[in-house]
Amino acid sequence: MAYRLIGEAAMVVHFLFLGFMAVGGFLAWRWPRLIWAHLAVAAWGLMSVVIGVECPLTVAEDWGRRNAGERALPPGGFIDHYIKGVIYPAEYTDLARLVVVILVLVSWLGYLWRRRRNPRGHTGADCPPPVHQR
C-alpha cells in the first residue's frame, strides 16, 4: 500500500509541476516571489526536453508502481503515459511544447512589464489609500 501511495503521490506532484511550468509565470504576476521558482521549473523543463534528463518524479512513480506489483511506466515515461495521446494527439507533441513555451514567454513578458510599471510590486489592491494633505 505504501509503495502505491508513493507512486500516486509522485504522479500528482508531476501533474502539479507541469501545470506550474505552463502557468506559473502568470501566478508570479500576483505573487512576484514565485518567479524564481518558475524560472527553475522552466529551466528544468527545457533541460529535460533538450538534453533528455530523466525526471526524478518519473523515477519515483515508476519505483512505487513496480514495488506495489503494478506495471511500470512505458519507456517514454510520465509524458507518454499520461499526457501524449491523452490530453493532446501524439502527432501534436511539438505544437504542445510550442504552446507551453509561448505561455511561459508571455507570462515572463507580462511579469516584467508589470514590474516595470510598478517596481515595488504593489498591485494597488494591497496598498492603503493615499492620505490627502491640506
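1. Let's start on the outward side of helix H2: Trp-36 and Val-50 are exposed there, on the other side of H2 from its buried residues. Keep in mind while you look that this is a predicted model.

2. So which residues of H2 are buried? They are Ile-35, His-38, Val-41, Ala-42 and Gly-45. Looking down the axis of H2, you'll find these buried residues within an arc of 125 degrees, so they line one face of the helix. A bit of background helps here: an α-helix has 3.6 residues a turn, so residues three or four places apart point the same way. Try checking the numbering of the buried set with that in mind.

3. What do the buried residues of H2 pack against? Their partners are helix H1 (2-30) and helix H5 (93-117).

4. Now H2 itself. It covers residues 34-50, which makes 17 residues. From first C-alpha to last, H2 reaches 24 Å, close to the 24 Å expected at 1.5 Å a residue. After H2 comes Gly-52, and its phi is positive, near 85 degrees.

5. Zooming out, the protein chain has 5 helices and 0 strands, so to speak an α-α-α-α-α pattern when you read along the sequence. The chain has 134 residues, and 25% of them count as buried. About 9700 Å² of the chain is exposed, with carbon and sulfur atoms supplying 66% of that area.

6. How about contacts along the chain? Take those with a separation of 6 or more: residues 24 or more positions apart account for 59% of them.

7. Next, have a look at His-14, which sits in helix H1. Is His-14 buried or exposed? Its relative accessible area is 5%, and buried means under 20%, so His-14 is buried. Setting aside neighbours within four places in sequence, His-14 is in contact with Cys-55, Leu-57, Thr-58 and Phe-78.

8. Finally, the empty space inside. Rolling a probe the size of a water molecule over the atoms shows where empty space is left. How many cavities of 30 Å³ or more are there? The count comes to 1, and the largest cavity has a volume of about 40 Å³. Its lining is made of Arg-4, Gly-7, Glu-8, Glu-61, Gly-64, Arg-65, Glu-70 and Tyr-82. The elements giving two or more residues to this lining are H1 and helix H3 (56-67).

Key: Residues numbered from 1 in each chain as written. Predicted model: local features only at pLDDT ≥ 70, side-chain atom pairs only at ≥ 80, totals over all residues. Heavy atoms only, no water. Helix = DSSP H or I, 4+ residues; strand = E, 2+ residues; numbered from the N terminus. Buried < 20%, exposed > 50% of the residue type's maximum accessible area, 1.4 Å probe, protein only. Contact = heavy atoms within 4.5 Å. Areas by Shrake-Rupley, 256 points an atom, 1.4 Å probe, with all protein chains shown as cover. Expected span 1.5 Å × (residues − 1). Arc of directions from axis to C-beta. 1 Å grid on protein atoms, 1.4 Å probe; cavity = no way out; pocket = protein on both sides within 12 Å on 5 of 7 lines; lining within 4 Å. Points joined across faces, edges and corners; volume = space filled by probe spheres on them.
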